[in-house]
Amino acid sequence: MSTERGKRSNGVRDAPVVIEAREVEKAFRIPVHRIDSFKERVVHPFAQPDYRTLEALKKVSFDVHRGEFFGIVGRNGSGKSTLLKILASIYRADAGSIRMAGRPAPFIELGVGFNVELSARENVTLNGVMMGLSQREARGRLDSVLDFAELEEFVDLKLKNYSSGMLVRLAFSVMIQAEADILLIDEVLAVGDAAFKQKCRDVFREMRDSDRTVVLVTHDMNAVQSFCHRAMLLDNGELRQIGDPEETGRQYLRMNFAKRRISIGEDKEIALVPDILARLSEAWLEDARGERIDNVEVGEPIRLRARIEARDDLESPTFRINFTNADGVQVFGLDHEMAGEILESGQQASVSATVENQLMPGRYTVVCWVAVTRNEEETAHQTLKLLEFVVFGVEGGPGLVKVPGDVGVEIEKSPAPEGTR
Amino acid sequence: MSGEAGLELHDVRGPSALGGGWRRFTELLLLLSVTEFKRTYFGTVLGYFWSLLRPLLLFAVLLFVFTKIFRLGSGVPHYPVLLLFNVVLFGFFSESTQAAVQSVVSQESVVRKTQFPRMVIPLSVVLTAFFNLGMNLIVVLVFILAFGVSPTWTWLLFPLIVATLFVYATAVSLLLSSLYVRFRDTAIIWTVMATALFYATPVLYPIERVPSTYLDLILLNPLTPLFIQARHWVIDPSAPTAVSASGGWTHLLAPIALFAVICALGGWYFNHEAPRIAEEL
C-alpha cells in the first residue's frame, strides 16, 4: 500500500504554497457572568458583562505547500483546533491574514449535518453540498462513497436505522471521497474501533503519498511521525516549532509528558519518558523458506522480521517485541538488549524474532517497544507498531495460549474411608 | 505564484452571512428547504393532511366563534373565506418566524463544524414555510371557488402581496434568529408578540370595523396594509384598498418606513453577528 513516493518531502517543499498564514491572532472573550436574556438586560440595564480574555492564538505564521501532509500538534487548549477552525472559515481571525489556494473541506467531526430522518443517499448529497460541492457533483460521488463504506445495499435506509458502526463508516467514507483541494482534519482517528483506526491509517498513508494537501490536528505523535511531511507545535497559542515532524514530536513529548516513575528493585525509581527514538522502515512475517506471508497457521513458528531506523543516537537500546490479541490483552513479550552497542541516528537495525507459536487462532498486533537509558534516573522509550496478523486454524480452546502438557483424571480404586463423609 | 489554474491564493475572511458565493448559497438553501419540505410531506402518509390540519382547525374554531357567538362576520361579504384566507396568510408569517427563532442555535453542530453561509439556515426555514403556504393556498383556492367568489384580473396581483410578505418574514426571521444567539428569552417574547400581532392585523376583523381612533395604531403594523390589499384584490373587490382604508397615502408612510427599517435591521444585524455566531454558541 505504501509506495516509495512517500519520501519526497523535498519535492513537496518546492511545490507552490497553498496556505499562507501571517501573524494570525485570535482571542476569545469568555463571560464570567453571562447576560443571556432580555430579562437580565432589563433588570441590570447598565451591567457590563465581565469578560476574561483567552488568547487562543498569538501571531502564528506558517506556510503549507501543495501536496503536503501537515501536522498541527499541541496539548488541549493550545489553540490547534481554533487554528483549524479559522482555516476552515468557521471562526474569524482577529488579526493577521490567511490566504489559501483552492477549496478547503473541513472535517472537524465525522458526519456533520447528517440528518437521521433521511436516507444515506440524501445525506451524502446534503453533506457534499455542505462541504462545498455542487448538487450534481455530490450526487456523482454517491457510488464511490457507498462503495468505500461497503453500504451499497443500505442506500435508501434512513440513518436512524443504521448501526453506529455503519454510521461511522459512511461518515468516514464521505470525508475521504471529498474532492477538495485541501483537507482540514481534526482528530478523526480518535473515534472508532481498532479496525476502523487501521483503515484511517491506510487512508492517511495514501493521502500522504498523493497530491492532496492535508492539514491534520492531532496529539498522536505516532501519526505525526508516520504521516506528516512537516509539523508544527503550538503551546498556549504560540508557535514553538515548525518543520521536521520528528523534531516537533520530540518537543511535544518533552514538553507535555509528566515523567512517569516506576520502581525497579528496592528504593530505586526511574522515570519513563516518551520520546522519538526510531522509525519503522518495514516489518513482515516469513515462512520457513523465507517467503513473505501475511498470516500464520496454528502451530507454525512465527518468524518476524523488521527494519528499524534509529532517529537519535541510541546507546545500549532495549528492543521488546510485544504480542497483543484482538481484545488488547498483552499475551507475551520478548526482550533484546544491545548492551554496550551504539546505534547511531540514521542507522538501520534489523530485528528478527522467531517464536514457537502457541497462540490460539485470532488476530494479533505486534509492537516494538524501544527504550534507552539516558541516565540513572531516566529512561526514554517509544512504541512502534510493527504489524497485525491472523493465526488461522480450526483449533480453538480456552485461554490465550496452548501450553504443552497433560492432564490425567482417574477413578480412585479403594473406597473412601468412613470418617471423611 | 504559479500559472496553474485554481492555485492563486485568495484571502480567507472567515465565516459570514453569505460566504461562499451565490451559487453555493442558493444550492444549500434550496437543498435544505426542499429536503425539509419533502420530509414533512412525503415522510409520512398523513404529512400533507397534518400540515393542512392546523390552519383548517384554527379556521373552524374561529369561524364558529366569530359567526355564531360574536357575529363579527355578519354583513361582511364572504366572511368565512376571508377568514380562512387570512388565517393561512398569517399562519405563514407566524410559523416561519417562530420556527426561525431557534433555527441557528439548533443547527449548532453544522454552524460550529462546517464552513457554512450562516444566512442559509433561517432562510431555509422561511422557504420551507413558504412551500407550505403554496400547498395551503391550493386548498384556499378550492374554498374560494366553492364559496362563489368570482375570479377577477386583480388575482394576478396577489403574488406581489406574497412576495412582500415573504421579504418581511425573512427580515423578521433574520433578526430573531441572530438575537436568539445572545438572548435566549427571544423565543418566549416572540411567542407572545406573534399572538399580539395576530390581533393587531386584520385577520379576524375587517378593517372598516376598526374605530378610527385606533386605526393609525393598527396601521403601524406593516402586515396590516398587506392584508387589506390582499382582501381587496382576491376576495372582495368592493372592500377598501390599503390606501382608502387608511385615509390616504400619507397614512401608509409609517408602515412602509417600519417595513424598511425592519428589513434593513434584520439584514444588517444578522450580517454583523454572523462571523461570531460559532463562538457565541
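Helices here are DSSP runs of at least four residues and strands are runs of at least two, numbered from the N terminus. Keep that in mind for the legends below, and remember that this is a predicted model.

**View 1. Chain A and its helices and strands.** With that definition in hand, chain A comes out at 10 helices and 22 strands. Follow its C-alpha trace along the principal axes and you get a span of about 100 × 55 × 55 Å. Chain A has 421 residues, and 46% of them are buried.

**View 2. The surface and charges of chain A.** What share of the accessible surface of chain A belongs to carbon and sulfur atoms? That share is 46%, out of a surface of about 21800 Å². Chain A also carries 55 positive and 67 negative charges. Take the mean position of each set, and the two points sit 6 Å apart.

**View 3. A patch of negative charge on chain A.** Zoom in on the surface and you'll find four residues gathered in a patch of negative charge: D143(A), D147(A), E152(A) and E153(A). Where does E152(A) lie? Look in the loop of chain A that runs between helix 6 (142–149) and helix 7 (164–176). Is E152(A) buried, exposed or partly exposed? Its relative accessibility is 41%, so E152(A) counts as partly exposed. The cut-offs behind that call are under 20% for buried and over 50% for exposed, with partly exposed in between.

**View 4. Contacts within chain A.** Now for residues that touch although the sequence sets them apart. Take the contacts in chain A between residues at least 6 apart in sequence: 70% of these join residues at least 24 apart.

**View 5. Chain B from start to end.** Chain B has one strand and 13 helices. Reading along the sequence, you meet the strand and then the helices, in the pattern β-α-α-α-α-α-α-α-α-α-α-α-α-α. A box of roughly 75 × 50 × 40 Å, taken along the principal axes, holds the C-alpha atoms of chain B.

**View 6. Inside chain B.** How many of the 281 residues of chain B count as buried? The figure is 52%. As for contacts in chain B between residues at least 6 apart in sequence, 77% join residues at least 24 apart.

**View 7. The surface and charges of chain B.** About 13100 Å² of chain B is exposed, and carbon and sulfur atoms supply 70% of that area. Chain B has 16 positive and 14 negative charges, and their mean positions are 8 Å apart.

Technical notes: Residues numbered from 1 in each chain as written. Chains lettered and ligands numbered in written order. Predicted model: local features only at pLDDT ≥ 70, side-chain atom pairs only at ≥ 80, totals over all residues. Heavy atoms only, no water. Patch = residues over 30% accessible without salt bridge, like charges linked within 9 Å, V, L, I, M, F, W, Y side chains within 5 Å. Areas by Shrake-Rupley, 256 points an atom, 1.4 Å probe, with all protein chains shown as cover. Salt bridge = Lys/Arg side-chain N within 4 Å of Asp/Glu carboxyl O. Lys, Arg positive; Asp, Glu negative; His and termini not counted. Charge placed at Lys NZ, Arg CZ, Asp CG, Glu CD. Buried < 20%, exposed > 50% of the residue type's maximum accessible area, 1.4 Å probe, protein only. Contact = heavy atoms within 4.5 Å.
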